[in-house]
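I wanted a first orientation in a structure that I had not opened before, and I kept notes of each thing I looked up. The entries follow the order in which I looked.

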Amino acid sequence: MFSDTIGRFRNGDSAPLYLQLQLLIRHGIESGLIRRGDAIPAERDLAQEYGVSRITVRKAIEGLVEEGLLTRRRGMGTFVAGTGRVEKSFSKLSSFSEDMIARGRVPSSSWVSRAAGTVDPEEAMALGMSPGEPVLRFNRIRYADDVPMAFEATTIAGYCLPSVDAVGDSLYAALDAAGNRPVRALQRLRAVPFSTEHARMLNVDTGHPGLLIERRGFLRDGRAVEITRSYYRGDSYDFVAELSDL
């Protein structure tokens with residue numbers, strides 16, 4: 001029984017039942033009673049075990065997912081998250097791989113597609129290129145410790161890399177090796193619900209809260225060389241920026 005591990009409700013506690021269940025699960029995670037990667041019982045099982053409604057259980061679980069303590073995997077269930085939420089700074093231009101390594105996590109990617117082509121009108125405007133000029137397109141699912149974290153769709157000006165095969169786990173490492181790594185970028189962040197396609201890629205439910213980052217990267221001489229649209233899981237990422245009036 002799950003309650004044998006994390007405990008049961010305390011007699012006389014007047015807090016809402018969903019908060020009481022959240023507290024039990026949170027304490028179980030923080031104290032190591034349930035560990036990273038452990039599965040949480042299904043909603044119907046928790047509802048039966050604790051004598052509450054499935055709506056109460058769902059509300060408790062959703063709160064812990066938003067905190068980054070639990071993660072849902074579509075078709076598999078709910079699990080204790082890896083190492084908590086990732087904080088990504090908006091003040092430093094870094095790659096996904098660099099961010100994960102800096103936090104002691106192991107980055108990896110799976111390719112959705114990568115191909116050479118010619119610039120389309122939207123890309124031409126963003127990159128300052130002429131019609132017919134070559135570009136390289138990379139679509140990837142990004143993982144941290146084998147957990148899907150983001151889907152990235154990137155277009156790179158064709159002269160920046162010798163071929164699409166030059167990119168391994170890190171696009172920025174390949175650009176650095178070719179002498180064409182961006183040194184500054186403009187980024188825009190907005191909240192989005194995941195489409196069915198993106199939800200499937202990231203093992204979450206359709207409509208799951210996500211964060212869309214649109215980035216345009218520039219070389220030192222001012223040329224735009226990168227357009228990236230990244231869809232991050234909202235339950236795994238916090239984006240932070242340092243502000244100053246100096």
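What follows are my entries, going from the whole chain to its sheets, its cores and a few single residues.

**Entry 1, ground rules.** I noted that this is a predicted model, in which local features need pLDDT of at least 70 and side-chain atom pairs count only at pLDDT 80 or more, while totals for chains, interfaces and linings use all residues. Residues are numbered from 1 along each chain as its sequence is written, and side-chain values use heavy atoms, with hydrogens and water left out.

**Entry 2, the whole chain.** I found eight helices and eleven strands in the protein chain, where helices (H or I, at least four residues) and strands (E, at least two) are DSSP runs numbered from the N terminus. The C-alpha trace spans about 70 × 45 × 30 Å along its principal axes. Of the 246 residues, 46% count as buried; buried means under 20% relative accessible area, exposed over 50%, and partly exposed in between, with a 1.4 Å probe and protein chains only. The chain exposes about 12800 Å², of which carbon and sulfur atoms supply 50%, the areas coming from the Shrake-Rupley method with a 1.4 Å probe and, for residues, only the protein chains shown counting as cover. Among the contacts with a separation of 6 or more, 59% come from residues 24 or more positions apart, contact meaning heavy atoms within 4.5 Å.

**Entry 3, the six-stranded sheet.** I traced an open sheet of six strands in the order 5-6-7-10-9-8, with antiparallel pairing; two strands pair if DSSP finds at least two bridges between them. Why do strand 5 and strand 8 each have one side without a neighbour in the sheet? Strand 5 (107-118) and strand 8 (184-193) stand at the edges with a single partner strand each, so one side of each is left free of a neighbour there. Neighbouring strands of this sheet are turned by 15° against each other on average, direction ignored; the axes are lines fitted to C-alpha atoms, for helices over the stretch in contact, and angles run from 0 to 180 degrees between N-to-C directions. Strand 7 and strand 10 (residues 224-233) pair in the antiparallel sense over seven bridges, and I picked out Ala 150, whose bridge partner in strand 10 is Tyr 232.

**Entry 4, Thr 155.** Is this residue of strand 7 (residues 147-157) buried or exposed? Thr 155 is buried, with a relative accessible area of 9%. Its side chain makes a polar contact of 2.9 Å with the side chain of Glu 123; a polar contact is a pair of N or O atoms within 3.5 Å, where within protein one must be able to donate a hydrogen and the other to accept it, and residues adjacent in sequence count only if both atoms are side-chain atoms. Leaving aside neighbours within four places in sequence, the contacts of Thr 155 include Leu 127, Val 135 and Ile 227.

**Entry 5, the cores.** The largest nonpolar core has 23 residues, and those with the most contacts inside it are Phe 138, Ile 156, Leu 161, Leu 171 and Leu 175; such a core is a set of buried Ala, Val, Leu, Ile, Met, Phe, Trp, Tyr and Cys residues joined through side-chain atoms within 4.5 Å. Helix 6 (121-127), strand 6 (134-144), strand 7, helix 7 (171-177) and strand 10 each give two or more residues to this core, and the largest share, four residues, comes from helix 7. Apart from it lies another core, of 20 residues, among them Ile 6, Ile 40, Leu 46 and Tyr 50.

**Entry 6, the three-stranded sheet.** I then traced an open sheet of three strands in the order 1-3-2, with antiparallel pairing, whose edge strands, strand 1 (39-40) and strand 2 (70-73), each pair on one side only. Helix 4 packs on the sheet and touches strand 1, strand 2 and strand 3, its direction making about 105° with that of strand 2. Strand 1 and strand 3 (residues 77-80) pair over two bridges, with Ile 40 matched to Thr 78, whereas strand 2 and strand 3 pair over four bridges.

**Entry 7, Ile 61.** In helix 4 (residues 54-67) I looked up Ile 61, which is buried at a relative accessible area of 4%. Beyond neighbours within four places in sequence, Ile 61 is in contact with residues including Ile 40, Leu 46 and Thr 78.
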